Amino acid sequence: MKENVNMNLLQTKQCARCGETKARSEFGPNMRHADRLESKCKRCNAAVARERYMKKRAEGGLPQGPSRPRRPLPEFTRDAGWRLRKDIERIERVFADDRFAANKQQVAAHLSGHLRYTAEVCQDLLSRLQRMTGE
Ligand SMILES: [Zn+2]
């Protein structure tokens, strides 16, 4: 148990695939792991998924035909941004709910990890945006 706590305090983690030591925000969530993070970094997980997809496609295991055109990125981003806002507003309403006080222990157990993860990723994405655009 003590070890789990210490792992959560570490700001970096080594990827099991590429071996690079990266910020915790570079790893997706996995609630089954002691440190609540995937063992592979996001980039490696995406690469593994891509390889699996290409292999399956090469074996003919996927429906043929032209793939669906992708939505323009600005449009996709705008919708995803609104969904993110709506979701965090739903979570905010939980705190204002009249049943909150009686359920706060369970609410905290369900929510703390997700909030911490989301806050880390949001902060990381914001810094990257600021560095790229100077805004
Ligand atoms: Zn990696």
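A residue is buried if 20 or more other C-beta atoms lie within 10 Å of its own, exposed if 12 or fewer, and partly exposed in between, with C-beta atoms placed from the backbone. By that rule, buried residues make up 4% of the 135 residues in the chain.

This is a predicted model: local features need pLDDT of at least 70, side-chain atom pairs count only at pLDDT 80 or more, and totals for chains, interfaces and linings use all residues. Numbering starts from 1 along each chain, as its sequence is written.

**Whole chain.** Colour by pLDDT, the predictor's confidence in each residue, from 0 to 100. The chain averages 87, and 89% of the residues score at least 70. Now switch to cartoon. Expect four helices and two strands, in the order α-β-β-α-α-α from the N terminus. Helices (H or I, at least four residues) and strands (E, at least two) are DSSP runs, numbered from the N terminus. Two residues are in contact if their C-beta atoms, placed from the backbone, lie within 7 Å. Of the contacts with a separation of 6 or more, 32% join residues 24 or more positions apart.

**Select residues 1-7.** Here pLDDT stays under 50, and the model has three contacts beyond four places in sequence. Helix α1 (residues 2-9) has the lowest confidence in the chain, at a mean of 47. Where pLDDT is low, the predicted coordinates should not be read in detail.

**Select Arg 36.** This residue sits in the loop between β2 (21-23) and α2 (42-58). Its phi is near 65°, a positive value in a residue other than glycine. Arg 36 counts as partly exposed because it has 19 C-beta neighbours inside 10 Å.

**Select α2.** At 1.5 Å a residue, its 17 residues should span 24 Å; the end C-alpha atoms are 24 Å apart, which agrees. The expected span is 1.5 Å times one less than the number of residues in the helix. One of the 17 residues is buried, so α2 lies largely in the open. Within α2, pick Arg 43. Arg 43 has 15 other C-beta atoms within 10 Å, so it is partly exposed. Add Cys 18: the two C-alpha atoms are separated by 9.3 Å, with their positions 25 residues apart along the chain. After α2 comes Gly 60, with a positive phi near 75°.

**Select residues 73-96.** This is helix α3, with 24 residues. Its confidence is the highest in the chain, at 95. The expected span is 34 Å; the end C-alpha atoms are 35 Å apart, which agrees. How many of its residues are buried? The count is zero, and α3 is hardly covered.
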